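Subject: A structure for you to look at

Hi,

Here is the structure I promised to pass on to you. Please open it and keep it beside this email while you read.

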Amino acid sequence: MKILIAGALGYMGREVAAQAKTLGFEISCGVDVAPGTADFPLYTTFEDCPPVDVIVDFSTWKPGADLLTYALKHRIPAVIATTGLSEEQLAAIDEAAKVIPIFRSGNMSLGIALLRALAKKAAAVLGETFDIEIVEAHHNRKADAPSGTALMLLDAVKEGCEGEREAVFGRHGRDCKRQLKEIGVHALRGGTVTGEHEVCFFGTSERVKISHSAENRSVFAAGALKAAAFLVGQKPGMYSMDDVVGKL
């Protein structure tokens, strides 16, 4: 299976390349706007790339539209693992999914897929009487906050709760008394933390916490390649990790 790695020189791009070779993928080429070298053909724009079987994207989307233009032109499935995308970019991805199969997720880990399912179930059971807070931690180079995974967890908790819930991103000031219908979301940044996520349910005299810690980036690369293998041959549409691992 021939793959194109978008963001090939980044931390995740290099990890994908390292694992792809051991899993039988052929790296046809890579794309990265930064200067550098790789042991496969490397381009700064998608226009120069030959057709491949699937795209694995961990780029910064600067520019990002080129990826979709290339994918649509050649009808190539795309695994989009980039986070921090704008509403306009997300809308463009949704439109592209009408023509080609697209796998998009804020986190490629199987453990996070399970965490989402557990958080949704816990919210359905505890959400009416427990305060819910989501806390995530990442390395000091991560640009977007909160993380894409934290937003995925927020959506899962909202789905589990009855009625509307308001997300509160951090708190500051002298009048921050918590409301029952709030879901607090907090981002920590520092050091070399790969990724930690925790969903907390605070009740009267008891607490429930569900958490996941990624010890290194290999879990995300492995998940992205598993998604790539799954995506080839699928019908146009939007897919997620739930489609890969089955309904939890």
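Below is a short tour of what I found in it. One thing to keep in mind is that this is a predicted model.

**The parallel sheet**

A good place to begin is the open sheet, where 7 strands pair in parallel in the order E3-E2-E1-E4-E5-E6-E12. Its edges are strand E3 (42-43) and strand E12 (237-239), each of which pairs on one side only. If the idea of pairing is new to you, strands of a sheet are held to each other through backbone hydrogen bonds, and they can run parallel or antiparallel.

To see one pairing up close, go to strand E4 (residues 54-57), which is joined to E5 by 3 bridges, with the two strands running parallel. There you can find Ile55 standing opposite Ala78 of E5.

**Helices around that sheet**

Helix H3 (residues 87-96) packs on the sheet and touches E5, strand E6 (101-104) and E12. The direction of H3 makes about 140 degrees with that of E6. Which residues of H3 are buried? They include Leu90, Ile93 and Ala96. Looking down the axis of H3, you will see the buried residues within an arc of 120 degrees, so they line one face of the helix. Turn to the other side of H3 and you meet Glu87 and Glu88, which are exposed.

Helix H6 (residues 218-231) also lies across strands: strand E1 (2-6), E4, E5, E6 and E12. H6 runs at about 150 degrees to E5.

Then there is helix H1 (residues 11-22). H1 has 12 residues and reaches 18 Å from its first C-alpha to its last, which is close to the 16 Å expected at 1.5 Å a residue. Buried residues in H1 include Met12, Gly13, Val16, Ala17, Gln19 and Ala20. What covers the buried residues of H1? The cover includes E1, strand E2 (26-31), E4 and H6. After H1 comes Gly24, with a positive phi near 90 degrees.

**A pair of helices**

Next, look at helix H4 (residues 110-126) and H5. Their axes come within 7 Å and cross at roughly 35 degrees, and the crossing is right-handed. On the H4 side, the residues that meet H5 include Leu115, Ala119 and Ala123. On the H5 side, the residues that meet H4 include Met152, Ala156 and Val157.

**Strand E7 and its partners**

E7 is mostly covered, with 6 of its 8 residues buried. This strand has two partners for you to trace:

- E10 is joined to E7 by 7 bridges, and the two run antiparallel. Glu133 has Cys200 in E10 as its bridge partner.
- E9 is joined to E7 by 7 bridges, and the two run parallel. Here Ala137 stands opposite Leu188 in E9.

While you are looking at strands, remember that in a regular strand the side chains alternate between the two faces of the sheet.

**A few spots in the loops**

Some loop residues deserve a visit too.

- Arg75 sits in the loop between helix H2 (65-74) and strand E5 (78-80). Its phi is positive, about 55 degrees, although Arg75 is not a glycine. Is Arg75 buried or exposed? With a relative accessible area of 54%, over the 50% cut-off, Arg75 counts as exposed.
- Ser205 lies in the loop between strand E10 (195-202) and strand E11 (207-214). Ser205 is another residue other than glycine with a positive phi, here near 70 degrees. Ser205 is exposed, at 78% relative accessibility.
- Pro146 belongs to the loop between strand E7 (131-138) and helix H5 (148-160). The peptide bond that joins Ala145 and Pro146 is cis, with omega about -5 degrees.
- Gly173 is in the loop between strand E8 (166-169) and strand E9 (182-189). Gly173 counts as exposed because its relative accessibility is 52%. How many residues separate Gly173 and Ile100 in sequence? They are 73 residues apart in sequence, and 47 Å apart in space, C-alpha to C-alpha.

That is the end of the tour. Have fun exploring, and write back with any questions.

Best wishes

Conventions
Residues are numbered from 1 along each chain as its sequence is written. This is a predicted model: local features need pLDDT of at least 70, side-chain atom pairs count only at pLDDT 80 or more; totals for chains, interfaces and linings use all residues. Side-chain values use heavy atoms; hydrogens and water are left out. Helices (H or I, at least four residues) and strands (E, at least two) are DSSP runs, numbered from the N terminus. Buried means under 20% relative accessible area, exposed over 50%, partly exposed in between (1.4 Å probe, protein chains only). Two strands pair if DSSP finds at least two bridges between them. Contact means heavy atoms within 4.5 Å. Axes are lines fitted to C-alpha atoms, for helices over the stretch in contact, and angles run from 0 to 180 degrees between N-to-C directions. The arc is that of the directions from the helix axis to the C-beta atoms. The expected span of a helix is 1.5 Å times one less than its number of residues. A crossing is left-handed if the near helix is turned anticlockwise from the far one by less than a right angle, and right-handed if clockwise.
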